[in-house]
Amino acid sequence: MAVDHLSLPNRIAVVRDYAALWQQFFSFFADDLQERQITADEENEFANIVGLLVVNHFKFQELTRGYFDDAAKVVPVLEEAVSLDYMKNLQAATFSKLQVDWHTLFIGMHKTLGKMLSELPPRQLAEIQGAPQGGAA
């Protein structure tokens with residue numbers, strides 16, 4: 001069965017998946033990194049998540065068009081997050097700004113989900129809310 005990539009349910013699935021990755025991304029630097037010993041495994045996992053965000057950004061940006069005007073602001077946050085070690089050595093003000101920018105975008109992503117979900121007919125909304133998250137095409 002072919003997937004209608006522009007359908008609202010698919011768009012919602014893409015935004016949910018991207019927002020979940022965005023949250024995983026932040027979990028690495030939600031707290032101050034100054035006192036943390038960063039392992040090679042953490043750096044690799046962080047790089048994998050950043051890579052997934054980058055690879056999926058175009059799809060996210062296209063499928064949120066008309067709902068989320070700040071999708072382009074994701075890229076500068078990702079560009080600043082070169083590595084955990086790099087972020088560990090950022091000045092406090094720069095690190096705080098990165099966290100605020102991440103959070104502002106996170107809120108925007110969830111507002112976008114709310115707007116999209118509110119456009120679904122009640123039966124389709126119930127189906128989507130009952131379905132496990134993930135699996136966007």
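## A helical protein, seen through helix H5

Let's start with helix H5, which covers residues 92–118: at 1.5 Å a residue, its 27 residues should span 39 Å, and its end C-alpha atoms are indeed 39 Å apart, so expectation and model agree. Keep in mind that this is a predicted model. The protein has 6 helices and 0 strands, and H5 is a good place from which to explore them.

**The whole protein**

- Reading from the N terminus, the elements follow the order α-α-α-α-α-α.
- The C-alpha trace spans about 50 × 25 × 25 Å along its principal axes.
- The protein has 137 residues, and 38% of them count as buried.
- How much of the contact total comes from residues 24 or more positions apart? Among contacts with a separation of 6 or more, such residues account for 80%.
- The exposed area of the protein is about 8,100 Å², and carbon and sulfur atoms supply 55% of that area.
- There are 11 positive and 18 negative charges, and the mean positions of these two groups lie 9 Å apart.

**Helix H5 and its partners**

- Which residues of H5 are buried? They are Phe95, Leu98, Gln99, Trp102, Leu105, Phe106, Gly108, Met109, Thr112, Leu113, Met116 and Leu117.
- A general rule helps when you look at such a list: an α-helix has 3.6 residues a turn, so residues three or four places apart point the same way.
- The buried residues of H5 pack against H1, helix H2 (40–63), helix H3 (74–80), helix H4 (84–88) and helix H6 (122–130).

**Helix H1**

- You can repeat the length check on helix H1, made of residues 8–27: at 1.5 Å a residue, its 20 residues should span 28 Å, and the end C-alpha atoms are 29 Å apart, which agrees.
- Is H1 mostly covered or mostly open? H1 is mostly covered, with 14 of its 20 residues buried.

**Aromatic rings that join the helices**

- How many aromatic pairs does the structure hold? The structure holds 11 of them.
- One of these is the pair of Trp22 and Trp102, which is stacked, with 6.3 Å from centre to centre and 10° between the planes.
- Why is this pair worth a look? Trp22 belongs to helix H1 and Trp102 to helix H5, so the pair ties together parts that are 80 residues apart in sequence.
- Trp22 and Trp102 are both buried.
- Phe25 and Phe46 form another stacked aromatic pair, with centres 5.6 Å apart and 20° between the planes.
- Here the link runs from helix H1, where Phe25 lies, to helix H2, where Phe46 lies, so the pair ties together parts that are 21 residues apart in sequence.
- Phe25 is buried because its relative accessible area is 0%, where buried means under 20%.
- Phe46 is buried as well, because its relative accessible area is 1%.
- Ring pairs also build a cluster, linking Trp22, Phe25, Phe26, Phe28, Phe29, Phe46, Phe95, Trp102 and Phe106.

**A lysine in helix H2**

- Where is Lys59 placed? Lys59 sits in helix H2.
- Is Lys59 buried or partly exposed? Lys59 is partly exposed, because its relative accessible area is 29%, and partly exposed covers values between the buried limit of 20% and the exposed limit of 50%.
- From Lys59 to Phe26, the separation is 33 residues in sequence and 20 Å in space, taken C-alpha to C-alpha.

Note on methods. Residues numbered from 1 in each chain as written. Predicted model: local features only at pLDDT ≥ 70, side-chain atom pairs only at ≥ 80, totals over all residues. Heavy atoms only, no water. Helix = DSSP H or I, 4+ residues; strand = E, 2+ residues; numbered from the N terminus. Expected span 1.5 Å × (residues − 1). Buried < 20%, exposed > 50% of the residue type's maximum accessible area, 1.4 Å probe, protein only. Contact = heavy atoms within 4.5 Å. Areas by Shrake-Rupley, 256 points an atom, 1.4 Å probe, with all protein chains shown as cover. Lys, Arg positive; Asp, Glu negative; His and termini not counted. Charge placed at Lys NZ, Arg CZ, Asp CG, Glu CD. Phe/Tyr/Trp six-rings, centres within 6.5 Å; stacked < 30°, edge-to-face > 60°.
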